[in-house]
Amino acid sequence: MTWNVWPRTKVEASKCVIPLAATIAPIRPHPDIPTLPYAPLRCRTCSAALNAFARVDFVAKIWICPFCYQRNHFPPHYAMISETNLPCELYPQYTTVQYTLQPDPNNPSSAPQLPPVFVFVLDTCMIEEELEFVKSAMKQAIGLLPENALVGFVSFGTQAHVHELGFSDMSKVYVFRGNKEITKEQVLEQLGLGAAGRRPTAGYPKGLQNGFTNTGVNRFLLPASDCEFTLNSLLDELQTDQWPVQAGHRASRCTGVALSVAAGLLGACLPGTGARIVALVGGPCTEGPGTIVSKDLSEPVRSHKDLDKDAAPYFKKAVKFYDSLAKQLVSQGHVLDLFASALDQVCHGRNSGSPVIFKLLFLCLNLN
């Protein structure tokens with residue numbers, strides 16, 4: 001958290017120079033956070049979960065929500081609780097717990113538990129030595145993923161390339177122009193995921209893995225155990241962007257198009273699921289939508305003074321593009337992780353419409 005304590009009054013909150021924020025990593029294991037194999041018990045008024053700060057009447061089997069002070073009765077399976085026999089979520093040392101939700105066998109509409117999904121977006125406009133380090137790190141990351149985790153791969157430079165991992169006979173790639181803004185519908189049509197490329201089927205489709213109902217999952221997103229060898233082979237063959245770069249110019253890097261394609265792919269295959277895009281970026285976007293600086297090295301990346309003086313020609317258009325991309329990801333329920341340069345060279349802006357969602361604007365990649 002940005003602060004170690006939570007302000008108790010509006011006056012204290014107003015004195016916080018940095019906004020209140022918290023980073024939660026549910027996938028990361030932690031020895032002090034227990035995982036409970038049942039659903040949380042929620043308040044009937046505000047839906048807050050039963051927690052260690054709730055007041056409990058063990059005789060009447062009632063707990064009082066610490067957020068709205070609603071009195072809630074414990075369900076029958078909590079009948080054995082007492083001061084010496086507490087459920088895990090009421091222990092004072094367990095202020096944070098995780099729940100593993102199981103599908104209800106008595107509820108046919110209960111969705112099966114879905115595996116985590118990762119789409120790697122790799123920048124190839126790097127020097128060869130840097131690209132080798134990134135590829136090595138990416139191989140290690142894929143090897144550490146759960147075997148059932150779904151993995152996709154997009155590489156980009158002057159153009160964006162979507163790799164069809166489900167086509168094992170040969171390397172099959174879909175290419176998108178980096179200098180042209182592309183809509184979500186165009187992405188779906190190009191990948192064969194649009195309305196014309198999908199055949200509606202009655203009932204639950206056969207032959208699909210992991211409970212997903214879209215055939216695009218089997219084409220572009222495969223379990224890590226099935227595609228690890230294919231991905232490692234692709235990374236071994238992957239080279240730096242071969243598009244010629246003029247002397248005194250930056251490489252053509254279509255970061256915006258690559259992210260749009262990855263977001264469109266996830267939106268078509270896995271809307272509303274816990275998927276994330278892992279973008280490995282080596283410099284500023286110089287091609288197509290989302291451009292923040294020209295290719296001419298004599299023109300430096302804009303500074304904060306340029307923003308104050310409204311002297312950054314690419315800023316407003318780039319903000320508009322990344323703002324629309326952020327809204328798309330939020331509506332799809334997906335996450336974008338950006339790994340780029342150093343911490344002091346990356347800027348993030350807060351989405352005023354939703355204070356808990358932060359947009360990475362890629363506007364302070366102070367690289368050549």
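1. I'd start with strand 6, which is covered on both faces: V117, V119, V121 and D123 lie on one side, F118, F120 and L122 on the other, and all of them are buried. Put as a count, that is seven of seven residues for this strand, which spans residues 117-123. Keep in mind that this is a predicted model.

2. Now for the neighbours of strand 6. Strand 7 (residues 150-156) pairs with strand 6 in the parallel sense, over seven bridges. If you want a spot to click on, try V119, whose bridge partner in strand 7 is G152. To get from strand 6 to strand 7 the chain passes through helix 2 (residues 128-144), and this β-α-β crossover is right-handed.

3. Strand 6 also has a parallel partner in strand 11 (residues 275-281), with six bridges joining the two. Here a handy marker is L122, which stands opposite L280 of strand 11.

4. Helix 6 (residues 255-269) is worth a look too. Of its 15 residues, 15 are buried, so-called "mostly covered". From first C-alpha to last, helix 6 reaches 21 Å, close to the 21 Å expected at 1.5 Å a residue.

5. Stepping back to the whole chain: there are eight helices and 14 strands. Buried residues make up 39% of the 368 in the chain. The accessible surface comes to about 21,800 Å², and carbon and sulfur atoms account for 55% of that.

6. One last number, on contacts. Taking those between residues at least 6 apart in sequence, 66% join residues at least 24 apart. The pairing of strand 6 with strand 11 is a good place to see residues from separate stretches of the sequence brought together, with L122 opposite L280.

Definitions and conventions. Residues numbered from 1 in each chain as written. Predicted model: local features only at pLDDT ≥ 70, side-chain atom pairs only at ≥ 80, totals over all residues. Heavy atoms only, no water. Helix = DSSP H or I, 4+ residues; strand = E, 2+ residues; numbered from the N terminus. Buried < 20%, exposed > 50% of the residue type's maximum accessible area, 1.4 Å probe, protein only. Contact = heavy atoms within 4.5 Å. Areas by Shrake-Rupley, 256 points an atom, 1.4 Å probe, with all protein chains shown as cover. Expected span 1.5 Å × (residues − 1). Pairing = 2+ DSSP bridges. Right-handed = clockwise from strand over helix to strand, strands pointing away.
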